[in-house]
Amino acid sequence: MSEQEREQDFAGKEPVKEQAEYTLSVQPDFMREKIKQKPVNKRKLLRRTLITVAMAVVFGLVACVTFLILEPVISNKLYPEEEPQEVVFPEETLQEEMNPEDMLVKDEEEEEPQPVEVELEDEQIEELLSQVEFGLEDYQSLYNELMKLAQKANCAMVTVAGVTSDVDWFNNIYENVASASGVIVANNNKAILVLVSAGTLNGAETIEVTFCDQTQTEAQIVQKDAATGLAILSVPLTAISEETLDVIEIAQLGSSSTSNLLGTPVIALGSPLGTSGSVCYGVVTSASTVMDMPDASYKKITTDIYGSRNATGILINFKGMVIGIIDNMNTSNDMGNLLTAYGITELKQTIEQMSNDKERAYLGIHGADVPKEALEDPEMNIPPGTYIREIEIDSPAMEAGIQSGDVVTQVGGTPVNNYSELLNVLRVAEPEEVYTFTLMRQGHEMKVDVTFGHPPDGN
């Protein structure tokens with residue numbers, strides 16, 4: 001190749017070299033290009049954060065409310081809670097009013113042995129009597145047996161203390177404690193139920209129950225009875241240890257309607273002397289007095305036991321059964337320190353209602369049976385029924401127009417032949433129910449509608 005051709009060839013390649021150099025120079029500038037991020041909007045980010053937090057709080061509240069509402073329902077479905085067992089005392093039978101020797105049943109097939117009559121002369125009788133000796137050991141043995149019976153019955157006794165707080169002149173806080181003796185009357189599978197005088201519980205901030213083994217636990221009032229001044233307390237079974245449950249007993253309620261109650265030996269337990277745990281022995285001196293109260297009638301048992309005006313507790317017979325609830329508030333002044341009690345037979349239905357927290361229907365009358373002489377007198381023309389002796393002021397009976405001297409013959413279509421039958425109607429009725437009363441007033445029959453009310457003082 002000649003020199004001229006090489007120059008031409010070189011000249012032809014020069015543009016290509018310049019193009020390559022241009023490409024290399026541009027490419028590094030493109031690789032170094034920066035991508036800028038979009039600026040953050042702080043106000044928008046804060047708003048989204050607040051919305052998210054608010055939604056989380058609302059969701060949590062809805063979840064909590066839903067859980068609180070549905071949890072009891074679900075728990076009751078999966079683990080149904082047992083309802084308290086209704087407290088019912090069996091009706092008294094004729095056997096409870098009979099003497100022990102009268103309840104012996106003789107075998108008809110067994111031939112009765114013929115009594116052998118033996119005639120003794122006076123000298124022989126005196127000789128036999130002289131052989132019978134009763135010493136101090138026998139006397140002590142007799143009281144030992146009585147003490148064993150009292151100790152066994154004491155397992156059903158408790159001490160109830162009503163505690164209230166107060167402030168003295170120097171602003172020091174101190175506690176007032178008023179105590180009374182109560183008796184365990186039932187176990188409804190949820191709690192132990194205690195019958196006690198409600199006077200010590202008035203204004204109490206807390207109520208403490210001490211069992212026979214000296215263990216203490218708190219109790220709650222189930223219901224009070226304004227007429228008798230008694231109350232039922234509830235002590236949850238979950239608050240009582242197994243050891244205590246094994247020791248305590250439920251009192252056996254006997255009968256105070258027996259015809260041979262007069263002269264019956266009794267034991268007073270609880271606080272007959274005003275001190276918890278005291279014991280007294282005596283006999284029934286009177287059992288025929290009736291304590292007249294609104295919509296109620298209770299037998300009053302009087303004893304020869306000298307006790308405290310503030311006595312509380314129970315009376316038991318020699319079978320260990322409760323025949324009376326001690327109450328000295330209705331004792332006359334001339335017998336102020338002799339123990340008296342409510343008859344247990346007349347109290348049983350009241351105890352049932354309070355134990356089951358059933359509110360009594362209030363009528364507001366003082367009644368009695370129509371006297372037998374009036375029923376037998378044809379001129380008076382008085383039918384069997386309840387004689388109205390007195391009406392409570394502003395009571396449902398007064399508002400309905402019932403007056404003293406009326407004779408109630410029917411209530412709600414049910415015949416009423418005596419005062420007890422009228423009280424039975426009141427026990428099954430409820431407040432705010434309306435019953436039609438059929439009355440006999442001065443020889444004329446009339447009907448009035450009575451709307452039962454709630455007991456006074458909200459009890």
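## Exercises on a predicted model: barrel, helices and enclosed spaces

Helix α6 lies across the strands β9, β11 and β12 (338–343), and the helix runs at about 55° to β12. The structure is a predicted model, and the exercises below start from this helix and work outwards.

### Exercise 1. The setting of α6

Determine how many of the residues of α6 are buried, and decide whether the helix is enclosed by the rest of the structure.

**Solution.** Begin with the cut-off, since a residue counts as buried when its relative accessible area is under 20%. Applying this to the helix, one finds that nine of its twelve residues are buried, and therefore α6 is largely enclosed by the rest of the structure. The buried residues are Ile344, Leu347, Lys348, Thr350, Ile351, Glu352, Gln353, Met354 and Ser355. Finally, look at what comes after the helix, where Asp357 has a positive phi, near 55°.

### Exercise 2. The barrel

Find out how many strands form the closed barrel, and give the order in which they run.

**Solution.** Following the pairing from strand to strand gives a closed barrel of six strands in the order β7-β8-β9-β12-β11-β10, and the pairing is antiparallel. From one strand to the next, the twist averages 40°.

As a next step, take β9 and look at its partners in turn. With β8 it pairs in the antiparallel sense over seven bridges, and with β12 it pairs, again in the antiparallel sense, over four bridges. Individual residues show the register of these pairs: Val284 stands opposite Thr303 in β9, Met291 stands opposite Tyr298 in β9, and the bridge partner of Lys300 is Tyr342 in β12. The link between β8 and β9 is a hairpin with two residues between the strands, and Asp295 in the turn has a positive phi of about 60°.

The last step concerns burial: eight of the eleven residues of β9 are buried, so this strand is largely enclosed by the rest of the structure. A further helix, α4 (residues 136–153), lies across β7 (265–271), β8 and β10, and it runs at about 50° to β7.

### Exercise 3. The largest pocket

Work out how much space lies in the largest pocket, and which elements supply at least two residues of its lining.

**Solution.** The space in the largest pocket comes to about 680 Å³. Its lining is made of 23 residues, of which Thr345, Glu346, Gln349, Asn424 and Arg427 are the closest to the centre. Turning from residues to elements, at least two lining residues each come from β8 (278–293), β9 (296–306), α6 (344–355), β13 (365–369) and α9 (419–428). When the lining is sorted by class, it has eight nonpolar, seven polar and eight charged residues.

### Exercise 4. The largest cavity

Establish how many cavities of 30 Å³ or more the structure has, and describe what lines the largest of them.

**Solution.** The search of the whole structure finds two such cavities, and the largest holds about 50 Å³ of space. Its lining consists of Ser181, Gly182, Val183, Leu195, Val196, Ser197, Leu230, Thr312, Gly313, Ile314, Ile325 and Ile326. The elements that give two or more residues to this lining are β2 (173–187), β3 (191–197), β10 (312–316) and β11 (322–327). Sorting by class gives seven nonpolar, five polar and no charged residues.

One of the lining residues, Leu195, leads on to the pairing of β3, since Leu195 stands opposite Ile232 in β6. The strands β3 and β6 (residues 230–236) pair in the antiparallel sense over seven bridges. Six of the seven residues of β3 are buried, so the strand is largely enclosed by the rest of the structure.

### Exercise 5. One residue and its surroundings

Decide whether Val158 is buried or exposed, and list the residues with which it is in contact.

**Solution.** Val158 is found in strand β1 (residues 157–167). Its relative accessible area is 3%, and because this falls under the 20% cut-off, Val158 is buried. Leaving aside neighbours within four places in sequence, Val158 is in contact with Ala180, Ser181, Gly182, Val183, Ile184, Val194, Val209, Thr210 and Phe211. Among these contacts, Ser181, Gly182 and Val183 also line the largest cavity. As for Leu195, it lies 37 residues from Val158 in sequence and 9.5 Å from it in space, taken from C-alpha to C-alpha.

Methods: Residues numbered from 1 in each chain as written. Predicted model: local features only at pLDDT ≥ 70, side-chain atom pairs only at ≥ 80, totals over all residues. Heavy atoms only, no water. 1 Å grid on protein atoms, 1.4 Å probe; cavity = no way out; pocket = protein on both sides within 12 Å on 5 of 7 lines; lining within 4 Å. Points joined across faces, edges and corners; volume = space filled by probe spheres on them. Nonpolar A, V, L, I, M, F, W, Y, C, P; charged D, E, K, R; others polar. Pairing = 2+ DSSP bridges. Axes fitted to C-alpha atoms, helices over the stretch in contact; angles between N-to-C directions. Contact = heavy atoms within 4.5 Å. Buried < 20%, exposed > 50% of the residue type's maximum accessible area, 1.4 Å probe, protein only.
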